[in-house]
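Let's take a walk through the inside of this protein. Keep the viewer open, since the tour moves from core to rings to helices to a couple of loop residues.

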Amino acid sequence: MLYLASQSPRRRELLDRLGEPHRTLDIDVEEAREPGEAPDAYVIRVALDKARAGFALVKGEEGARVLGADTEVVLGDEVFGKPRDAADAAAMLRRLAGREHRVVSAVWLVRAGSEQCAVSVSTVRFAALSDDDIAAYAASGECMGKAGAYGIQGRAGAFVEHLSGSYSGVMGLPLFETSRLLRGQ
């Protein structure tokens, strides 16, 4: 049985697109960057922590496999996690407006005796955004619970001037990389 160590509706939807039957696991992993930890290393570590925490719940089950994933927005050396509130979301969006940032998405597949990782790095350039654009998006609530305070699959898709990389990776689960992990490639 395949398990997804996430309650994210976006990750569940994306995994469904691969046609992989799965169940979700509710895990609680601290998402805090260690001092001096590089952004990419942080994302990879958190995804592994999630997969391991999920596997700990089902390790007694024969054939259990657990996917853990993490996706973060990175501007320079700064990691933009999920906003605390609408004001924090607006501040993030102001910093991203008119600039290029990276979206790092790491996926781990953990099973008995094996841990495999895949990483997707995408580059996203936002158009210039007016204060009204930012305020309206922050007020919509769509920004909450999303790294960098935006969901590319929603209204914020209109902010994206250019994307190089994985659209599904920016959403939270890179399908190409995840599919390869599941097929053992």
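What follows is a quick look at how the interior of this chain is put together. One thing up front: this is a predicted model.

**The cores**

Start with the largest nonpolar core, which has 39 residues. If you want a place to centre the view, try Leu67, Phe126 and Tyr150, the residues with the most contacts inside that core. Helix α3, residues 86-96, supplies the largest share of this core, with five residues. There's also a second, separate core of 19 residues, and Ala5, Tyr42, Ala64 and Val74 are among its members.

Back to Tyr150 for a moment. Leaving aside residues up to four places away in sequence, Tyr150 touches a long list of partners, including Val73, Leu93, Leu96, His101 and Val103. Phe126 and Tyr137 are also on that contact list, along with Cys143, Ala156 and Val170.

**The aromatic cluster**

How many aromatic pairs does a search of the whole structure find? Three. Ring pairs join Phe126, Tyr137, Tyr150 and Phe159 into a cluster. As usual, a pair of aromatic rings is described by the distance of the centres and the angle of the planes. Here are two of the pairs:

| Pair | Centre distance | Plane angle | Geometry |
|---|---|---|---|
| Phe126 and Phe159 | 5.9 Å | 70° | edge-to-face |
| Tyr137 and Phe159 | 5.3 Å | 75° | edge-to-face |

Why do both get the edge-to-face label? Plane angles over 60 degrees count as edge-to-face; the Phe126 and Phe159 planes sit at 70°, and those of Tyr137 and Phe159 at 75°.

Now look at where these rings come from. Phe126 lies in strand β6 (residues 114-126), while Phe159 is in the loop between α4 (131-140) and β7 (160-164), so that pair ties together parts 33 residues apart in sequence. Tyr137 belongs to helix α4, so its pairing with Phe159 links parts that are 22 residues apart in sequence.

Are these rings buried or exposed? Phe126 is buried. Tyr137 counts as buried too, at 1% relative accessibility, and Phe159 is buried with a relative accessible area of 10%.

**Two helices packing**

Two packed helices are described by the angle between their axes and the distance between the axes. For α3 and α4, the angle is about 140° and the axes are 9 Å apart. That makes α3 oblique to α4, since the cut-off for roughly antiparallel is over 145. The crossing is right-handed. On the α3 side, the residues that meet α4 are Ala86, Ala90, Leu93 and Arg94. Their counterparts in α4 are Asp131, Ile134, Tyr137 and Ala138. You've met two of these already: Leu93 and Tyr137 both touch Tyr150.

**Two loop residues to click on**

Ala149 sits in the loop between α4 and β7. Its phi is near 65°, a positive value in a residue other than glycine. Ala149 is also buried, with a relative accessible area of 0%.

Pro174 lies in another loop, between α5 (167-171) and α6 (175-183). Pro174 is likewise buried, at 0% relative accessible area. Not counting residues up to four places away in sequence, Pro174 touches Ser105, Val107, Ser120, Ser166, Ser168 and Gly169. For a sense of scale, Pro174 and Val160 are 14 residues apart in sequence and 18 Å apart in space, C-alpha to C-alpha.

Methods
Residues are numbered from 1 along each chain as its sequence is written. This is a predicted model: local features need pLDDT of at least 70, side-chain atom pairs count only at pLDDT 80 or more; totals for chains, interfaces and linings use all residues. Side-chain values use heavy atoms; hydrogens and water are left out. A nonpolar core is a set of buried Ala, Val, Leu, Ile, Met, Phe, Trp, Tyr and Cys residues joined through side-chain atoms within 4.5 Å. Buried means under 20% relative accessible area, exposed over 50%, partly exposed in between (1.4 Å probe, protein chains only). Helices (H or I, at least four residues) and strands (E, at least two) are DSSP runs, numbered from the N terminus. Contact means heavy atoms within 4.5 Å. Rings of Phe, Tyr and Trp (its six-membered ring) pair if their centres lie within 6.5 Å; planes under 30 degrees apart count as stacked, over 60 as edge-to-face and the rest as tilted. Axes are lines fitted to C-alpha atoms, for helices over the stretch in contact, and angles run from 0 to 180 degrees between N-to-C directions. Angles under 35 degrees count as roughly parallel, over 145 as roughly antiparallel, 65 to 115 as roughly perpendicular and the rest as oblique. A crossing is left-handed if the near helix is turned anticlockwise from the far one by less than a right angle, and right-handed if clockwise.
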